[in-house]
Amino acid sequence: MSRVFKENQHELRESKDGNIFSIWNYDGHIAYEDIIEATEDFDIRYFIGTGGYGSVYKAKLPSGNVVALKKLHQREAENPIFYKSFINEVRVLTEIRHRNIVKLHGFCVHKGCRFLIYEYIERGSLFCVLRNVDEAMELDWSKRVNIIKGTAHALSYMHHACIPAIVHRDISSNNILLNSEFQAFISDFGIAKLLDPDSSNQTLVAGTYGYIAPEFAYTMTVIKKCDVYSFGVVALEVLMGRHPGELLSSLSSSSSQNMMLNEILNHRLPPPNRLIGQDILLVATIAFACLHTQPKARPTMKCVSQEFLSRKKPNVIP
């Protein structure tokens, strides 16, 4: 982790009137004064939600830029687990850049106040959008397919383009944010793991109930295929408009083998046209492949991403 900090030391003394987005590692005063003023010392009026740890606030900076702030409260900062998540998120997000991963603009550790500064993503979580009747209706089939594809491309980048590979470990509709154009951004890297090729990568069970790969409970080993399973759950959730809980438990039974596509699609939306219907069929086919009970039988995220980019017709109809 020291490499991340050392690379950014030269930007510590950026002037207060400079562009805050060029500053990676704040010495506290630059960010602290502006942030405290913009949020009136983290007043509840600026509160917009909670992350895996900490509270999230919205702030408009003197430059006019709007950012999201994740603040670690004093009690959380004294908890080594939460503080480790804070440092972990800094460590991971300063190393990666992808159009479908939320950008970390900087962080501040000053006067016992610890917070992360992200780009502000307007619509909030996919979970909330799917459960808001008006916003869910705005989320047409084309937008839903694009959300799934964007998430797949980001995971492929994390698993296959980053060295060491990054496993998110908590892919869920709560941790996928949507901007004003309904584009997807993976967020909340507090429990993400950088895979160590020289280690067993064993860990405690972590993640969101309903999205965790079944084998994780007994292997306790972080592998990329854990994220692949979680992605499959999210993909079905987007198509169905709700968490596919009962469907997941029936996947191993014979009744799910001959399932018709229209049985799982969100019936609140008008039926898709033929062109987008082919995309939906491809997404559903891939989602079911990602949910295979055997990790080795699941595709890699690189294969999923390439499948979406090539836009082939699926070989197997779910």
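**Exercise 1. Two helices that meet**

At roughly what angle do the axes of helix α7 and helix α12 cross? Describe the pair, its handedness and the residues that make the contact.

*Solution.* Before starting, note that this is a predicted model, in which local features need pLDDT of at least 70 and side-chain atom pairs count only at pLDDT 80 or more, while totals for chains, interfaces and linings use all residues. Residues are numbered from 1 along each chain as its sequence is written, and side-chain values use heavy atoms, with hydrogens and water left out.

Step 1. Two packed helices are described by the angle between their axes and the distance between the axes. Helices here are DSSP runs of H or I with at least four residues, strands are runs of E with at least two, and both are numbered from the N terminus. An axis is a line fitted to C-alpha atoms, for helices over the stretch in contact, and angles run from 0 to 180 degrees between N-to-C directions.

Step 2. Helix α7 covers residues 141-161 and helix α12 covers residues 274-290; their axes come within 10 Å and cross at roughly 35°.

Step 3. The crossing of α7 and α12 is left-handed, a word used if the near helix is turned anticlockwise from the far one by less than a right angle, whereas a clockwise turn is called right-handed.

Step 4. Contact means heavy atoms within 4.5 Å. On the α7 side the contact is made by W141, S142, V145, I148 and K149, and on the α12 side by I276, D279, I280 and V283.

Step 5. Sorted by class, this contact of α7 with α12 has six nonpolar, one polar and two charged residues. Here Ala, Val, Leu, Ile, Met, Phe, Trp, Tyr, Cys and Pro count as nonpolar, Asp, Glu, Lys and Arg as charged, and the others, Gly among them, as polar.

**Exercise 2. Residues in and around these helices**

Is K149 buried or exposed, and which residues does K149 touch beyond four places in sequence? Treat S305, T285 and H292 in a similar way.

*Solution.* Step 1. A residue is buried under 20% relative accessible area, exposed over 50%, and partly exposed in between, using a 1.4 Å probe and protein chains only.

Step 2. K149, which lies in helix α7, counts as buried because its relative accessibility is 14%. Not counting residues up to four places away in sequence, K149 touches D279 and F308. The C-alpha atoms of K149 and N100 are separated by 9.8 Å, although these residues are 49 residues apart along the chain.

Step 3. S305 is found in helix α13, residues 301-310, and its relative accessibility of 7% is why S305 counts as buried. Leaving aside neighbours within four places in sequence, S305 is in contact with A152, H153 and S156.

Step 4. T285 has its place in helix α12 and is buried, with a relative accessible area of 17%.

Step 5. H292 has its place in the loop between α12 and α13, and with a relative accessible area of 37% H292 is partly exposed. Not counting residues up to four places away in sequence, H292 touches A297 and R298.

**Exercise 3. Backbone details**

Which two residues does a cis peptide bond join, and where do D41 and D188 lie?

*Solution.* Step 1. The cis peptide bond joins I163 and P164, with omega about -5°, and P164 has its place in the loop between α7 and β7 (166-167).

Step 2. D41 is not a glycine, yet its phi is positive, near 60°. D41 is found in the loop between α2 (29-39) and β1 (47-50), and D41 is exposed because its relative accessible area is 52%.

Step 3. D188 also has a positive phi, of about 60°, although it is not a glycine. D188 lies in the loop between β9 (184-186) and β10 (193-194), and at 12% relative accessibility D188 counts as buried.

**Exercise 4. The whole chain**

How many helices and strands does the protein chain have, and what is its mean pLDDT?

*Solution.* Step 1. The protein chain has 13 helices and 10 strands, and buried residues make up 53% of its 318 residues.

Step 2. The mean pLDDT, the predictor's confidence in each residue on a scale from 0 to 100, is 83 for the protein chain, and 82% of its residues reach 70 or more. Over residues 1-29, however, the pLDDT is below 50, and this stretch has 53 contacts in the model beyond near neighbours in sequence.
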